[in-house]
Amino acid sequence: MNDAAPFSRVISGEVSSAGILLRADDALQQLHIRAGGNLGGTLACPALLSLTQMVAGLRMRLARAVRVADGQNSLELWVEAEPFNKDVKLSILGWRDIGNVAVKPKSRDIWPDQGQEPVKLRFDQTLRLVDASGPVEKIVKNTDFGSSAKIILGRLLGQDAPPAFQNVERFLPISRRSVRTLNDMCMSVSGQAERDGAGQISGYTLSLTQHGKVEVANFAQADRSSSGALFGKQLAPVLRQPLGRIIANAETMGSELLGPIRENYAAYARDIANAARHLTALVDDLGDLEAVERPGFSTAKDDIELGDVARRAAGLLTLTAADHRMTISLPDAQTYVPATAELKRVLQIMLNLITNAIRYSPDGTEVQVDVGTEDGFAYISVSDQGPGISVDDHERIFAKFERLGRTGDGGSGLGLYISRRLARAMGGDLTVEDAKGGGAKFTLRLPQ
């Protein structure tokens, strides 16, 4: 919009569950038309359409800041969306023209690689600094040896360090990425776990390369462009903390650790804990949803082995399967199927697939996990002995918020949608077919 809409009134509209703009105040209607939409057509602003689809699927009220294009300029809107009968009501409470904020590619224009010698920091298996090499004077002092990785990185990068650096103790591989230090220097960071002859983690090495001073205004624009997801980066951490406390307190009461209570009260406490876990999972799904739908979303390229991924995922869900008297059948330990994909994301997909297989299969059945190669791709598949999925629903099941009519099963309808987006971002795909003998078979294909 060329003229900023006044803040003195709320700009409202109504969108159908199918994304059709049913009604809109003039400012929103004109924005929709300038974006290429037409009266009675699908809402033409992708960020607003995505928000309405999320609200329509969850049937819950959401509020967030969104950025939409308006010609050569961008608008920053504060939007509240809530279910209204079978549709979604939009209320735009803030409308700000922020001009042309196109950002040059940050990999070269903002932090060019000037070929400096990297600093290498080596941590032991308890994540204490044990060795440093290279031009370490501005990063490490003699007194730092024995300090934890989190302390050193926190001092270097500050509280706004990316999650991979804040949670380095998870030993996830860190692909080369650029970050801004507290003194406004640009630094590229990469890292990898070290393993001994028995395959056990023996330490962790980080490589850090300092570049020149970054232009703070440009860096801030690039950072907003690449990480503007309000929910995943700002609201999700705020929500997880109270939900964690609810779960902990409810489990303490439900297990009667502080003393006996009436059985019905104990049952209420367990129900509260389960509901809080469901909300936590939903928070995680919404954060992932924003991540995979962000323009330019990409994944790391790790060298992984799919049999190892299968065993890790099955190990995390063994107790869940046992609660249903189910077994998880794994490929032979000697089978070796390498692939190139981000370990964390592949494990996330596998946990979702195996969890679904357990959830939708009869008690006492088996979940089969297989790995192999086919048509130039590595694959890992999960087969169950449940009721299966009709051929007509083989594509529909991967739609956002799609649950095939199931209610009350604890799912958000986002897991398979996010999993397929992740698979395709890694250069592969996720598909479903009928399993032999009945049930469904999901197959994740990845580059070798």
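These exercises work through a predicted model of one protein chain, each with a stepwise solution.

**Exercise 1. Overall make-up**

State how many helices and strands the protein chain has, what share of its residues is buried, and how its contacts spread along the sequence.

Solution.
- Step 1. Count the elements. The chain has 11 helices and 17 strands.
- Step 2. Check burial. Of the 448 residues, 44% are buried.
- Step 3. Look at sequence separation. Take contacts between residues at least 6 apart in sequence; 57% of these join residues at least 24 apart.

**Exercise 2. Two hairpins**

For the pairs β1/β2 and β6/β7, give the direction, the number of bridges, one bridge partner and the positive phi in the hairpin.

Solution.
- Step 1. Start with β1 (residues 11–15) and β2 (residues 21–24). They run antiparallel and are joined by 3 bridges.
- Step 2. Find a partner. Val 15 is bridged to Leu 21 in β2.
- Step 3. Inspect the turn. This hairpin has 5 residues between its strands, and Gly 19 has a positive phi near 90 degrees.
- Step 4. Move to β6 (residues 119–124) and β7 (residues 129–133). This antiparallel pair has 4 bridges.
- Step 5. Find a partner here too. Phe 123 is bridged to Leu 129 in β7.
- Step 6. Inspect the turn. There are 4 residues between β6 and β7, and Leu 127 takes a positive phi near 65 degrees.

**Exercise 3. The open sheet**

Determine the strand order of the open sheet of 5 strands, its edges, and the helices that pack on it.

Solution.
- Step 1. Write the order. It is β12-β14-β15-β17-β16, and the pairing is mixed.
- Step 2. Identify the edges. β12 (327–329) and β16 (429–434) each pair on one side only.
- Step 3. Note the twist. From one strand to the next it averages 20 degrees.
- Step 4. Zoom in on one edge. β16 and β17 (residues 440–447) run antiparallel, joined by 6 bridges. Glu 433 has Lys 441 in β17 as its bridge partner.
- Step 5. Place α9. This helix packs on the sheet and touches β12, β14 (366–374), β15 (377–383) and β17; its direction makes about 15 degrees with that of β15.
- Step 6. Place α10. This helix lies across β12, β14, β15, β16 and β17, at about 25 degrees to β15.

**Exercise 4. Two helix pairs**

Describe the packing of α9 with α10, then of α8 with α11: angle, axis separation, handedness and residue classes.

Solution.
- Step 1. Take α9 (residues 306–323) and α10 (residues 343–359). They pack at about 35 degrees, with axes 9 Å apart. Their crossing is right-handed.
- Step 2. List contacts. On the α9 side they include Val 309, Leu 316 and Leu 317; on the α10 side they include Val 346, Met 350 and Ile 354.
- Step 3. Sort by class. This contact has 13 nonpolar, 2 polar and 1 charged residues.
- Step 4. Take α8 (residues 263–292) and α11 (residues 415–425). Their angle is about 35 degrees and their axes are 10 Å apart. This crossing is left-handed.
- Step 5. List contacts. Asp 285, Asp 288, Leu 289 and Val 292 in α8 meet Tyr 417, Ile 418, Arg 421 and Leu 422 in α11.
- Step 6. Sort by class. This contact has 5 nonpolar, no polar and 3 charged residues.

**Exercise 5. The nonpolar cores**

Find which residues of the largest nonpolar core touch the most other members, and which helix gives the most to this core.

Solution.
- Step 1. Rank the members. The core has 78 residues; Leu 48, Leu 77, Leu 306, Val 346, Met 350, Ile 354 and Phe 442 touch the most others.
- Step 2. Assign the contributions. α10 gives the most, with 9 residues.
- Step 3. Follow one member. Beyond its neighbours within four places in sequence, Leu 306 contacts Val 337, Ala 339, Val 371, Ala 378, Tyr 379, Ile 380 and Leu 446.
- Step 4. Look elsewhere. A second, separate core has 17 residues, including Val 119, Ala 132, Ile 139 and Ala 149.

**Exercise 6. Positive phi in loops**

Locate Arg 325 and Asp 375, and decide whether each is buried or exposed.

Solution.
- Step 1. Recall the background. Most residues other than glycine have a negative phi.
- Step 2. Check Arg 325. Its phi is positive, about 55 degrees. Arg 325 sits in the loop between α9 and β12. Its relative accessible area is 60%, so Arg 325 is exposed.
- Step 3. Check Asp 375. Its phi is also positive, near 55 degrees. Asp 375 sits in the loop between β14 and β15. Its relative accessibility is 70%, so Asp 375 counts as exposed.

Definitions and conventions:
Residues are numbered from 1 along each chain as its sequence is written. This is a predicted model: local features need pLDDT of at least 70, side-chain atom pairs count only at pLDDT 80 or more; totals for chains, interfaces and linings use all residues. Side-chain values use heavy atoms; hydrogens and water are left out. Two strands pair if DSSP finds at least two bridges between them. Axes are lines fitted to C-alpha atoms, for helices over the stretch in contact, and angles run from 0 to 180 degrees between N-to-C directions. A crossing is left-handed if the near helix is turned anticlockwise from the far one by less than a right angle, and right-handed if clockwise. Contact means heavy atoms within 4.5 Å. Ala, Val, Leu, Ile, Met, Phe, Trp, Tyr, Cys and Pro count as nonpolar, Asp, Glu, Lys and Arg as charged, and the others, Gly among them, as polar. A nonpolar core is a set of buried Ala, Val, Leu, Ile, Met, Phe, Trp, Tyr and Cys residues joined through side-chain atoms within 4.5 Å. Buried means under 20% relative accessible area, exposed over 50%, partly exposed in between (1.4 Å probe, protein chains only).
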